[in-house]
Amino acid sequence: MTETTNEKRRLIIDGLQADECDLEVFEEWQKGGVSCVHCTAMNYTFDNTREAISALSRWRRAFRSHSDLIRPALGADDIVNTAKDGKTAVILGFQNTLPLEDDLAMVEMFYDLGIRSLQMSYNHQGLAGSGCLEPNDSGLSLYGKKIVEEMNRLGMIVDVSHCGVKTSMDSIEHSTMPIAVTHSNSLSFPGGGAELNHRLKSDEIMKACAEKGGMFGMVLFPAMLPGGVNCTLERFCDLIEHTVSIVGHKNVGLGTDFVWRRPLSYIKQVRTGRSTFDMASVIPPKWPEWMRTPADFPRIADELARRNWSEEHVDDYMGENWLRYYRRVLG
């Protein structure tokens, strides 16, 4: 972290990590001065209700055991107060509606247990909507629309990062509150060269999300970077500036999708799910040399400042935009 960053105690918020509930992860957040992380609180991405509760219980224990490093965040004030104390606030969410099973009442039950975000589908077809790998995206189901309505009533983030095009657009249009693409990148970036193009978002989706006050979190997962693991910090910041040209300075931030400490079994299952016998690589993602762990986040701020970004715009990107969004949606 640079001297300037230390002096300012800049608010740094990551809109999505799927990393392990692990002391080493928490320590890297501390080293990077990370103020808040929205974490996927699932043992696997395809948890049912019982498995999801088990995953939540791990986070409950972690909050007790590592209270010197992390605290739970249910709203924006929790983030601000935790950051003032030099700790990292943690927002918990699910990257699938599977923990609800077929019971709409479970939205409120999980809200009461601390969940503040739900993704409407994860790559494949679900009861709520279609994932980005589905050849026929039928959009939000009636059940999916009811889930969105419950989330709006309670104050929860509607996430469409892994959703198909129609399910994403339906969520934007049906939600009375701004939604989020918590972790993706722009499909239209010139010479993008990303491996997982199905996970990138079109200008149409990005603009529609931003026009309703939604947030776009930019991912550092190598397969979604231009050039993959060889993507440079400078190239990533080119991508940031391209994204800003689509959604504006006030609707974009980090959404790294770090899975730095997850085991190989996790990496495999998120690529196949339970509905396919497809083989998947079990090689964990290798991160670019300039972004090995969350302790390296301040490097992005330094590069944006070098490009003569205003202090306000750097602060917005690194965390203030997410904070304003959380204040509006979560309260």
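Two residues are in contact when heavy atoms of theirs lie within 4.5 Å. In this predicted model, residues 24 or more positions apart account for 72% of the contacts in the protein chain with a separation of 6 or more. The protein chain has 331 residues, of which 60% count as buried. Its secondary structure consists of twelve helices and nine strands.

A good place to start is strand β8, which covers residues 215–218. In a regular strand, side chains point alternately to one face of the sheet and the other. In β8, Met215 and Gly217 lie on one side, Phe216 and Met218 lie on the other, and these four residues are all buried. Both faces of the strand are therefore covered.

β8 has a pairing with strand β7, residues 180–184, which is parallel and has three bridges. Within this pairing, Ala180 has Met215 of β8 as its bridge partner. β8 also runs parallel to strand β9, residues 252–254, and three bridges join the two. Here Gly217 stands opposite Gly253 of β9. Together with helix α9, the strands β8 and β9 make a β-α-β unit, and this unit is right-handed.

The next topic is the nonpolar interior. The largest nonpolar core holds 84 residues, and those that touch the most other members are Trp29, Trp59, Leu220, Phe236, Ile240, Ile300 and Tyr317. Helix α9, residues 233–247, supplies eight residues, the largest share of this core. Phe236 shows what such packing involves: apart from neighbours within four places in sequence, Phe236 is in contact with Met218, Val219, Leu220, Leu225, Cys231, Trp290, Ile300 and Tyr317. One of these partners, Met218, is a buried residue of β8. A second core, separate from the largest one, has 18 residues, among them Ile13, Ala83, Ala180 and Met215. Ala180 and Met215 are the bridge partners already met.

Helix α7, residues 165–174, contains Thr167. Is Thr167 buried or exposed? Thr167 counts as buried because its relative accessibility is 0%, and the cut-off for buried is under 20%. The side chain of Thr167 makes a polar contact of 2.8 Å with the side chain of Asp137. Not counting residues up to four places away in sequence, Thr167 touches Met120, Gly129, Ser130, Asp137, Gly139 and Leu140.

Thr167 belongs to a run of buried residues in α7, along with Ser168, Met169, Asp170, Ser171 and Ile172. What do the buried residues of α7 pack against? Their packing partners are β6, residues 157–159, and α8, residues 203–211.

The last topic is the cysteines. A disulfide requires two cysteine sulfur atoms within 2.5 Å, and the count of disulfides comes to zero. For Cys36, the nearest cysteine sulfur is that of Cys39, 8.6 Å away, and Cys36 is in no disulfide. Cys36 counts as buried because its relative accessibility is 0%. For Cys39, the nearest cysteine sulfur belongs to Cys21 and lies 8.1 Å away, and Cys39 is likewise in no disulfide. With a relative accessible area of 1%, Cys39 is buried.

Notes. Residues are numbered from 1 along each chain as its sequence is written. This is a predicted model: local features need pLDDT of at least 70, side-chain atom pairs count only at pLDDT 80 or more; totals for chains, interfaces and linings use all residues. Side-chain values use heavy atoms; hydrogens and water are left out. A nonpolar core is a set of buried Ala, Val, Leu, Ile, Met, Phe, Trp, Tyr and Cys residues joined through side-chain atoms within 4.5 Å. Buried means under 20% relative accessible area, exposed over 50%, partly exposed in between (1.4 Å probe, protein chains only). Two strands pair if DSSP finds at least two bridges between them. A crossover is right-handed if, with the strands pointing away from the viewer, the path from the first strand over the helix to the second runs clockwise. A polar contact is a pair of N or O atoms within 3.5 Å; within protein, one must be able to donate a hydrogen and the other to accept it, and residues adjacent in sequence count only if both atoms are side-chain atoms.
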